[in-house]
Amino acid sequence: MKIINLKLSNLKLSNLKLSNLNQNNQKQHNLKKGNLYNIFSKIFNLHIAKTLIFCLLFIIIPKTWAAKLAIVIDDFGYRQHNEEQIIALSPNITIAVLPHAPNAVKMANLAHNHGNDILIHLPMAPISRQPLEVNTLFPWMSEDQIDKIISEAVERVPYAVGVNNHMGSLMTADLTAMSYVMKALSRYDLFFLDSKTVGGTKAKQAAEMYHIPLVTRDVFLDNLQIESEINHQFDLAINLARKKGYAIAIGHPHSATIQTLKKRLANLPDDIELIKVQQLIQPKVEQ
Ligand SMILES: [Zn+2]
């Protein structure tokens, strides 16, 4: 009986030892599992961090390095249906409003509410005989006359951030007349976009006299209202933007221009960023 009891207690002891051993093994196993888990999670977290940084760079870098393309659509205020379609294309398209057009205020408001920048599309005399806008500026006008027309234009076009010339091959070639224009503009916080309707434009020279920030048009999109031609001009603007970092293209609210822009802006290359003209303006240098 004693022997049986002894054997039983031995058996209990060995069972106890075995269970202790098993517990230790489990602990060690768990410890190993924990270490592996930590290592894997560290590697995994590092991998996620690396992927996130890569993605961020992928998003940020092209925006910083992208060539900038500014598109201005002139002659707003006459064709509401077409003009609404232009505004709907992108808030980054800059809208130039003719001060005496019947829908000038309405279109400036609509465009501004959509987030588009507004320019005063200031009528200036051309060399050739063409139907002219009310209050077209002529080189023979006095300083006072020019100042009065400009202050009226500023009043008529709400939210304007700048001015560009409508026509003007005669007016912009005259340094004295353009200096009157820039003097009048110096009273406002407006930049000047030279539509460059004539090779010998004096706008830049006159703008420098009054420290008016000035940029110049690079490409006219729709001198010919044919989609293939507008596409060609759009390509020119893109190539120029890639070469010099930016390009300014001017178009009009023609149906062919709207159809072309619709397609081209929906498929803008990754290295081209559509921007507002104002984004190309350096801060004004005070006298
Ligand atoms: Zn125009």
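What follows is a walk through a predicted model of a single chain, from its overall make-up to a few individual residues.

Taken as a whole, the chain holds 8 helices and 9 strands. It has 287 residues, and 36% of them count as buried. Contacts across the sequence also say something about how the chain is put together: among those between residues at least 6 apart in sequence, 73% join residues at least 24 apart.

Strand S3 is a good place to start looking. It covers residues 118-124, and 7 of its 7 residues are buried. That goes for both faces of the strand. On one side sit Ile118, Ile120, Leu122 and Met124, and on the other Leu119, His121 and Pro123, all of them buried.

S3 has strand S2 as one of its partners. S2 takes in residues 94-97, and it pairs with S3 in the parallel sense over 3 bridges. One of the residue pairs here is Ile95 with Ile118, the latter being the bridge partner in S3. S3 is also joined to S4, again with the strands running parallel, and this time through 7 bridges. Here Met124 has Met167 in S4 as its bridge partner. To get from S3 to S4, the chain passes through helix H4 (residues 143-156), making a β-α-β crossover that is right-handed.

Met167 deserves a second look. It belongs to strand S4, which spans residues 160-167. Although Met167 is not a glycine, its phi is positive, at about 60 degrees. Met167 is also buried, because 24 other C-beta atoms lie within 10 Å, and the cut-off for being buried is 20 or more. Asp75 makes for a similar story. This residue is found in strand S1 (residues 67-76), and its phi is positive too, near 60 degrees, in a residue other than glycine. With 20 other C-beta atoms within 10 Å, Asp75 counts as buried.

Over in the helices, H7 and H8 form a packed pair. H7 runs over residues 227-244 and H8 over residues 255-266; their axes lie 9 Å apart and meet at an angle of about 50 degrees. The two helices are therefore oblique to each other, and their crossing is right-handed. As for the residues that bring them together, Glu227, Ile230, Asn231 and Phe234 are the ones from H7, and they meet Ala256, Thr257, Gln259, Thr260 and Arg264 from H8.

Just ahead in the chain is Asn223, in the loop between strand S7 (219-220) and H7. Asn223 counts as partly exposed, because it has 13 C-beta neighbours inside 10 Å. Its C-alpha atom is separated by 9.4 Å from that of Gln233, which is 10 residues away along the chain.

Lys183 rounds off the tour. This residue is part of helix H5, which covers residues 175-185. It has 17 C-beta neighbours inside 10 Å and so counts as partly exposed. Between the C-alpha atoms of Lys183 and Asp147 there is a separation of 8.1 Å, with the two residues 36 apart along the chain.

Notes:
Residues are numbered from 1 along each chain as its sequence is written. This is a predicted model: local features need pLDDT of at least 70, side-chain atom pairs count only at pLDDT 80 or more; totals for chains, interfaces and linings use all residues. Helices (H or I, at least four residues) and strands (E, at least two) are DSSP runs, numbered from the N terminus. A residue is buried if 20 or more other C-beta atoms lie within 10 Å of its own, exposed if 12 or fewer, and partly exposed in between; C-beta atoms are placed from the backbone. Two residues are in contact if their C-beta atoms, placed from the backbone, lie within 7 Å. Two strands pair if DSSP finds at least two bridges between them. A crossover is right-handed if, with the strands pointing away from the viewer, the path from the first strand over the helix to the second runs clockwise. Axes are lines fitted to C-alpha atoms, for helices over the stretch in contact, and angles run from 0 to 180 degrees between N-to-C directions. Angles under 35 degrees count as roughly parallel, over 145 as roughly antiparallel, 65 to 115 as roughly perpendicular and the rest as oblique. A crossing is left-handed if the near helix is turned anticlockwise from the far one by less than a right angle, and right-handed if clockwise.
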